[in-house]
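Grab a coffee and pull up the model. Below is a handful of exercises to work through with the structure on screen, each followed by a worked solution.

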Amino acid sequence: QKYYGFLYPGDLAKELILDYNKTPSFMFCLPNIVDETKFKNIMPEVDYLTRSKLNLPNDKIVLFCSARLSEEKGLVPFFNEVIKSKLKNKACFVIAGSGPLEKDIRDLATNNGLDIRLLGVINQDDMISYYRSCDMFFLPSYSDPSPLSCVEAIWSKCPILISNRVGNQCEVLQSGENGFIFDPDSTYVDTLDRITELDNLWVENARKKSIDIAEKNFSSIDIVTRLIKEFAAM
């Protein structure tokens, strides 16, 4: 209540601020952003040539995740749900990141016949190649205040599958249009099954919707320009 105003990263953070300060004099949404000139994807479809170079299958749904292999990212519980779904035998899961759960995830894949590929830490150029070669980005986090990976994904035209603990969910997802959301504390096998039933038209529209959302909510030039005008008017 002692602050004049706030810069907040998204709607969920705004709600939290207003719980403590009902009438701040100044509020401005300043989201986590990336250099969109590197991630922005103008290709109309998945980059199958790069996908082939990365040895990713064309006969499976390729889901990509950029995340630390740690408990808060929810990967082990996510794969336990995948095991119960139709997605189990129809998907390849590619994860960029390292962490303490690497062995657990490898064992889970081996013991349950899951196609999970752990890349470790990769550079930005390789990251962009994976975003553009996948069918969908996923992030099953239990705690993730405002992850840049979701922003990178929608700039890359990826449909997204995220948990409802992702802090920038309101800004990156229009549920059913460019992806889906789920509660990691409940079963969501039906959502995973739904991914196996998506047709080419839905995927095409979802890719367009993702980049439309990115341009609306995460354009660095637009955000900085509006912020300067707000400060100038104070």
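## Exercise 1: the two sides of α5

The face of α5 turned away from its buried side carries the exposed residues K103, T110 and N111. Keep in mind that you're looking at a predicted model. Your task: work out which residues of helix α5 are buried, and what they pack against.

**Solution.**
- Step 1. Run along helix α5, residues 102-112, and pick out the buried positions: I105, L108 and A109.
- Step 2. Look down the axis of α5. The buried residues fall within an arc of 95 degrees, so they line one face of the helix.
- Step 3. Check what that face touches: the buried residues of α5 pack against α4 (75-83) and β5 (115-120).
- Step 4. Go just past the end of α5, where G113 has a positive phi of about 65 degrees.

## Exercise 2: does α11 behave like a helix should?

Compare the expected span of α11 with the distance between its end C-alpha atoms, then find its buried residues.

**Solution.**
- Step 1. Do the ruler check. With 13 residues at 1.5 Å a residue, α11 should span 18 Å, and its end C-alpha atoms are indeed 18 Å apart. The count to multiply by is one less than the number of residues.
- Step 2. List the buried residues of α11: S220, I223 and L227. They cover an arc of only 70 degrees around the axis, which puts them on the same side of α11.
- Step 3. Turn to the other side of α11, and you meet the exposed residues I221, I228, K229 and A232.
- Step 4. See who the buried residues pack against: β1 (5-8), β2 (26-29), α2 (36-39) and α10 (200-217).
- Step 5. Carry on into the segment after α11, where M234 sits. M234 is exposed, with a relative accessible area of 53%, and together with Y4, L7, L30 and F231 it makes a nonpolar surface patch of about 510 Å².

## Exercise 3: two methionines, two settings

You've just met M234. Now, is M136 buried or exposed, and which residues is it in contact with beyond its sequence neighbours?

**Solution.**
- Step 1. Locate M136: strand β6, residues 136-139.
- Step 2. Read its accessibility. At 3% relative accessible area, M136 is buried, because the cut-off for buried is under 20%.
- Step 3. Set aside neighbours within four places in sequence. M136 is then in contact with V62, L63, F64, P159, I160, L161, F180, I195, L198 and W202.
- Step 4. Zoom in on P159. Its C-alpha atom and that of M136 are separated by 4.9 Å, although the two residues are 23 apart along the chain.

## Exercise 4: odd phi angles

Most residues other than glycine have a negative phi. Find out where N55 and K157, which go the other way, are placed, and how exposed each one is.

**Solution.**
- Step 1. Take N55. Its phi is positive, about 60 degrees, though it isn't a glycine. N55 belongs to the loop between α3 (48-53) and β3 (61-66), and is exposed at 60% relative accessible area.
- Step 2. Take K157. Its phi is near 70 degrees, again positive in a residue other than glycine. K157 lies in the loop between α7 (148-155) and β7 (160-163), and is buried at 11% relative accessible area.

## Exercise 5: salt bridges across the chain

How many salt bridges does the structure hold? Trace the partners of E215, D135 and D183.

**Solution.**
- Step 1. The total is 13 salt bridges.
- Step 2. E215 pairs with K40, with the closest N and O atoms 3.0 Å apart. This bridge ties helix α10 to the loop between α2 and α3, over 175 residues of chain. E215 is partly exposed at 34%, and K40 is partly exposed at 35%.
- Step 3. D135 meets R51 at 3.1 Å, N to O. D135 sits in the loop between α6 (124-133) and β6, while R51 is in helix α3, 84 residues apart. Both D135 and R51 are buried.
- Step 4. D183 bridges to R165, the closest N and O atoms being 3.3 Å apart. D183 is partly exposed at 27%, and R165 is partly exposed at 28%.
- Step 5. Finish with a network of salt bridges, which links K60, D115 and R117.

Terms used. Residues are numbered from 1 along each chain as its sequence is written. This is a predicted model: local features need pLDDT of at least 70, side-chain atom pairs count only at pLDDT 80 or more; totals for chains, interfaces and linings use all residues. Side-chain values use heavy atoms; hydrogens and water are left out. Patches are made of residues with over 30% relative accessible area and no salt bridge: like charges are joined within 9 Å, nonpolar side chains (Val, Leu, Ile, Met, Phe, Trp, Tyr) within 5 Å. Accessible areas come from the Shrake-Rupley method with a 1.4 Å probe; for residues, only the protein chains shown count as cover. A salt bridge is a side-chain nitrogen of Lys or Arg within 4 Å of a carboxyl oxygen of Asp or Glu. Helices (H or I, at least four residues) and strands (E, at least two) are DSSP runs, numbered from the N terminus. Buried means under 20% relative accessible area, exposed over 50%, partly exposed in between (1.4 Å probe, protein chains only). The arc is that of the directions from the helix axis to the C-beta atoms. Contact means heavy atoms within 4.5 Å.
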